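Here are some exercises to work through with the structure open beside you. Try each task on your own before you read its solution.

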Amino acid sequence: MSIQVIGIDLGKSNFHLVAHDPKGQAILRKKLSRQQLVQFVQNTPASTIAFEACGGAHWLGRLCMTYGHTVKLLPPQYVKPYVKGNKNDFIDADVIAEAATRPSMRYVPVKSEEAQLLSAIHRIRQGYIKDRTACMSRIGALLLEFGVSLPQGHSVMKALPAWLAEHARHLPALIHNELCGLHQHYQVLMLKVAEQDNKLKRYLASNEDAQLLKSIPGIGDITASQCIAELGNGGQFTNGRNLAAWLGLVPHQHSTGGKARLLGISKRGNKHLRTLLIHGARAILSRPEKTGAVFGNWLTKLRASKPFNVVCVALANKLARMVWAVLKYRREFNAAKLQSGYA
């Protein structure tokens with residue numbers, strides 16, 4: 001039995017597997033538990049194993065590579081067009097194996113354990129921030145129910161106990177106690193976010209790539225650590241423009257009949273990293289006297305002729321290209337060389 005590629009439909013407890021021969025015919029179909037899948041990977045001769053880039057895919061990818069297999073992680077949106085007719089788990093595994101043999105197929109690189117740990121810190125941090133925002137909104141909504149409008153912002157929230165003491169006569173005692181309890185929860189979440197920030201800073205202090213990325217204007221600890229977690233060394237992209245396109249920072253195109261039609265940005269790829277780069281661009285535009293001069297007349301002319309948000313996205317696109325160049329060539333950002341290019 002000659003196996004060319006094995007397609008696996010990943011699940012939480014059960015995994016469906018279909019193997020194809022060099023002619024593309026299915027020659028093996030199995031339903032395995034997690035432990036049985038590990039044993040199958042160990043005992044199968046080295047071959048190509050393909051599955052979608054979803055939950056648990058990077059762990060399984062590293063496991064397969066440990067036993068000499070070639071791993072191909074496919075974006076789920078590129079697999080779906082190969083489904084013909086009905087859909088079930090074995091059909092999914094079959095079309096994954098078929099899609100993995102296409103010469104023009106794009107793949108997701110397998111993340112290292114270190115990159116996944118870094119991503120986990122970011123996810124937990126984002127969860128705390130989301131909970132903190134919800135807590136702030138809950139406090140404001142409860143006060144509004146009793147005819148009190150609370151100004152927005154962390155500065156107001158941090159001084160909430162003093163503010164409540166001042167306006168205690170306008171509020172029932174019970175709601176006052178409830179709001180104090182919510183404020184304590186807010187303070188806990190603030191400490192949790194700060195703890196995650198410190199973890200990222202400690203990691204970046206000993207990471208050479210992170211220090212190189214931080215030489216780029218608008219790139220700080222949070223953005224640099226996210227770039228390392230999601231991009232690695234940037235080798236999966238042939239140039240900086242491909243990285244910008246993957247992040248969704250280029251126009252969405254819908255052209256036909258020889259007529260080019262460009263729409264808004266496509267917003268593909270990693271939403272969190274795209275947001276961080278746009279925020280970095282906003283920071284540059286808010287302090288043009290400090291970092292805006294690095295981009296010379298290009299940024300000045302663009303700011304004079306385009307809306308602010310359009311300029312932010314254009315600058316974020318440029319930052320993404322700089323990130324790729326720094327990771328690819330492992331050199332610090334050279335502002336003088338960039339300015340000479342604008343001359």
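**Exercise 1. Find what covers the buried residues of helix α1 (residues 34-43), and work out how those residues are arranged around the helix.**

Solution. Keep in mind that this is a predicted model.

Step 1: pick out the buried residues of α1, which are L37, V38, F40 and V41.

Step 2: look at their directions around the axis. They span an arc of only 160 degrees, so they sit on the same side of α1.

Step 3: turn to the face directed away from that buried side, where you will find the exposed residues Q35 and N43.

Step 4: see what lies over the buried residues. The cover includes the strands β1, β2 and β3 (26-33), together with helix α2 (57-66).

**Exercise 2. Decide whether strand β1 (residues 5-9) is enclosed or open, and identify the strands it pairs with.**

Solution. Step 1: go through the strand residue by residue. Five of the five residues of β1 are buried, so the strand is largely enclosed by the rest of the structure.

Step 2: separate the two faces. In a regular strand, side chains alternate between the two faces of the sheet. In β1, V5, G7 and D9 are buried on one side, and I6 and I8 are buried on the other, so both faces are covered.

Step 3: follow the chain into β2 (residues 14-20). A hairpin of four residues connects β1 to β2, and the two strands pair in the antiparallel sense over five bridges. Within this pairing, I6 is placed opposite A19 of β2.

Step 4: look for the parallel partner. β1 runs parallel to β4 (residues 48-52), with four bridges joining them. Here G7 faces A50 of β4.

**Exercise 3. Find the residues that touch the most other members of the largest nonpolar core, and list the helices that supply the core.**

Solution. Step 1: start from the general expectation. In soluble globular proteins, nonpolar side chains tend to be buried together.

Step 2: examine the largest nonpolar core, which has 45 residues; L213, I216 and V323 touch the most other members.

Step 3: trace the core back to its helices. At least two residues each come from α5 (113-145), α8 (173-205), α9, α10 (221-231), α11 (240-246), α12 (271-286), α13 (296-305) and α14. Of these, α14 gives the most, with twelve residues.

Step 4: take L213 as an example. Leaving aside residues up to four places away in sequence, L213 touches I219, A224, C227, I228, V323, V326 and L327.

Step 5: note that there is a second, separate core of 20 residues, with F40, I49, L60 and C64 among its members.

**Exercise 4. Locate the salt bridges of E98, R330 and K214, and say how accessible each partner is.**

Solution. Step 1: count them. The chain has seven salt bridges. The general idea is that side chains of opposite charge can pair when their charged atoms come close.

Step 2: take E98, whose side chain meets that of K84 at 3.5 Å, N to O. E98 belongs to helix α4 (residues 89-99), while K84 is in the loop between α3 (76-79) and α4, 14 residues apart. E98 is partly exposed at 27% relative accessibility, whereas K84 is exposed at 57%.

Step 3: move to R330, which forms a salt bridge with D209 at 2.5 Å, N to O. R330 is in the loop between α14 (308-329) and α15 (335-342), and D209 is in helix α9 (residues 208-213), so the pair ties together parts 121 residues apart in sequence. With 42% relative accessibility, R330 is partly exposed; D209, at 18%, is buried. E208 joins D209 and R330 in a network of salt bridges.

Step 4: finish with K214, which meets D221 at 2.7 Å, N to O. K214 is partly exposed at 34%, and D221 is partly exposed at 21%.

**Exercise 5. Describe the chain as a whole: its elements, its extent and its burial.**

Solution. Step 1: count the elements, 15 helices and seven strands.

Step 2: set the radius of gyration of the chain, 25 Å, beside the value near 20 Å for a compact globule of 343 residues. The C-alpha atoms fill a box of roughly 80 × 60 × 50 Å along the principal axes.

Step 3: check burial. Of the 343 residues, 40% are buried.

Definitions and conventions:
Residues are numbered from 1 along each chain as its sequence is written. This is a predicted model: local features need pLDDT of at least 70, side-chain atom pairs count only at pLDDT 80 or more; totals for chains, interfaces and linings use all residues. Side-chain values use heavy atoms; hydrogens and water are left out. A salt bridge is a side-chain nitrogen of Lys or Arg within 4 Å of a carboxyl oxygen of Asp or Glu. Buried means under 20% relative accessible area, exposed over 50%, partly exposed in between (1.4 Å probe, protein chains only). Two strands pair if DSSP finds at least two bridges between them. The arc is that of the directions from the helix axis to the C-beta atoms. Contact means heavy atoms within 4.5 Å. A nonpolar core is a set of buried Ala, Val, Leu, Ile, Met, Phe, Trp, Tyr and Cys residues joined through side-chain atoms within 4.5 Å. The radius of gyration is taken over C-alpha atoms; the globule rule is 2.2 Å times the number of residues to the power 0.38.
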